[in-house]
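Reader: Hi! I am new to reading protein models, and I would love a close look at one part of this one. Could you walk me through it slowly?

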Amino acid sequence: MNDAIGAPGKGISRRKFLAATGGTGLFAMAGCTTTTEPTVNQVDMGGNTAKLLPDLPTTSKPEVVDLDERDHEVTLKPVKATHHMHPLESMNGPISLPVTWAFAADDGEPSVPGPILRCTEGAELKITLDNTDAPHPHTLHFHGVRKSWENDGVPTTTGITVMPGEKHTYTIPANVAGTHLYHCHYQTPMHMDMGMFGVLRVDPEGYEEADKEYFMTVKEWDTRLSRQYAGEDVQYNLSDRMGDAFTINGKSAPRTLHPEDGSPIIVESGDTVRIHWVNAGFMSHPMHIHNHRFKVVEKDGSPYPEEMQLLQDVINIAPAERYTIEFEADADPGIYLMHCHKVNHIRNGDSYPGGMLGGIVYTDAMQSDIFAKLMEYAGYEA
């Protein structure tokens, strides 16, 4: 065994080890008492948080970072930002997270989900977590790929926590082709509910993209956590977590249909369409596409044999699962919904529709009055 990744304490400061086991961190920095045991205590922000919060930047749409063009190196930086799931009053908006911990890649804009990191199989990735300006400890954990112990990103089992003011570089081999999830693994449920997750896509050698290719990350949120960090008089309790907002790529309908801020699937008749689904939430989401039948071609980095690629129109995506689906744009050219079929997830507050709902839009239908009305709801004026 490599001594550098052996028992906690070897080459690791006692302060880092205590942080890794829960002796400091989110609760301690929020003014709560913590122990070295895992905890589900609710967050207590100390009463004057709203006065301490400066004006925050707003998140942008997640960018696709081509790591093959960056010598397979990137820096991810947590940025405190405001995230608008749907900024308008249409369909029971606006819906916002007043405080998130978004990720930004290098000098890019912060986003929720974080940047989509894309590369070709066989590369060795150097991913630096820059926690210089963040007030909380963080780590990075990557699903799917096979990596060394010390690069697993779990503080309690590696002894490595990236404390405020510090940087740490993870070496991540791109040795499993497929679509993978990454997220902070420090106080995981709360840090993910604060927005710290994203997608790693490893393309196999010789990969040929479809005519249209999309990444779709679904998530439900308990907005009380963000609102409490912003100073609102609400209580978040992990043991009583509730989903009260529902998003595709961080947006709630109708903002999901916005061509620039959202992620509508825009097709022409005859297109081959490939969607990489990722569930970054804590609930399962059965995703259904209207009037099209798709086949599953990949799950968690494993290609499906052709005999398993049955045509279907709904697939249940459990937490952290990833599916790649493929279909032909062969329906009557129009506008078709794509949504979670736990239909209470298609809402904004207590108003239906909204939430985890997107759409497939044929270009032939984009001159219709119906499309114009949808764009009005979504806030797109072009």
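Reader: Which residue has a side chain that a polar contact joins to the side chain of Arg-274?

Author: Happy to help! Please keep in mind that this is a predicted model. The partner you are asking about is Glu-326: its side chain and that of Arg-274 are joined by a polar contact of 3.0 Å.

Let's place Arg-274 first. You will find Arg-274 in strand E13, which covers residues 272–279. Is Arg-274 buried or exposed? Its relative accessible area is 12%, and the cut-off for buried is under 20%, so Arg-274 counts as buried.

The side chain of Arg-274 has another polar neighbour to look at. One of its polar atoms lies 2.9 Å from the backbone oxygen of Glu-208. Notice the two kinds of partner here: with Glu-326 the contact is between side chains, while Glu-208 takes part through its backbone oxygen.

Now widen the view around Arg-274. If we set aside the neighbours within four places in sequence, Arg-274 is in contact with Tyr-207, Glu-208, Glu-209, Ala-210, Lys-212, Glu-213 and Tyr-214, and also with Thr-324, Ile-325 and Glu-326. Both polar partners, Glu-208 and Glu-326, appear in that list.

Tyr-207, one of these contacts, leads us to another arginine. The charged end of Arg-201 sits over the ring of Tyr-207, 4.9 Å from the centre of that ring. Strand E9 (residues 197–203) is a good place to go next, as Phe-197 lies in it.

Phe-197 forms an aromatic pair with Trp-221. How is such a pair described? By the distance of the ring centres and the angle of the planes. For Phe-197 and Trp-221, the centres are 5.9 Å apart and the planes make an angle of 45°, which is a tilted arrangement. Trp-221 belongs to strand E10 (residues 212–221), and the pair links distant parts of the chain, 24 residues apart. What about their surroundings? Phe-197 is buried, with a relative accessible area of 2%, and Trp-221 is buried too, at 1%.

A lysine offers a second case of a side chain over a ring. Lys-219 lies over the face of Phe-282, at 4.9 Å from the ring centre.

Let's stay with aromatic rings a little longer. The structure holds 5 aromatic pairs. Among them is the pair of Phe-103 and Tyr-182, which is tilted, with 6.0 Å from centre to centre and 55° between the planes. Because Phe-103 lies in strand E3 and Tyr-182 in strand E8 (residues 178–183), this pair ties together parts that are 79 residues apart in sequence. Both Phe-103 and Tyr-182 are buried. Together with Phe-142, they form one aromatic cluster.

Strand E3 also brings us to a sheet. This open sheet has 4 strands in the order E3-E2-E5-E7, and its pairing is mixed. Strand E3 (95–105) and strand E7 (167–173) are the edge strands, each pairing on one side only. From one strand to the next, the twist averages 30°. Inside the sheet, strand E2 (residues 73–86) and strand E5 (residues 124–130) pair in the parallel sense over 4 bridges. If you want a spot to find by eye, look for Val-74, which stands opposite Ile-127 in E5.

Finally, here is a contrast with Arg-274. Asp-364 lies in the loop between strand E20 (357–362) and helix H7 (369–378). With a relative accessible area of 60%, Asp-364 is exposed, whereas Arg-274 is buried.

Conventions
Residues numbered from 1 in each chain as written. Predicted model: local features only at pLDDT ≥ 70, side-chain atom pairs only at ≥ 80, totals over all residues. Heavy atoms only, no water. Helix = DSSP H or I, 4+ residues; strand = E, 2+ residues; numbered from the N terminus. Buried < 20%, exposed > 50% of the residue type's maximum accessible area, 1.4 Å probe, protein only. Pairing = 2+ DSSP bridges. Axes fitted to C-alpha atoms, helices over the stretch in contact; angles between N-to-C directions. Polar contact = N/O pair within 3.5 Å; in protein donor to acceptor, adjacent residues only side chain to side chain. Contact = heavy atoms within 4.5 Å. Phe/Tyr/Trp six-rings, centres within 6.5 Å; stacked < 30°, edge-to-face > 60°. Lys NZ or Arg CZ within 6 Å of the ring centre and 35° of its normal.
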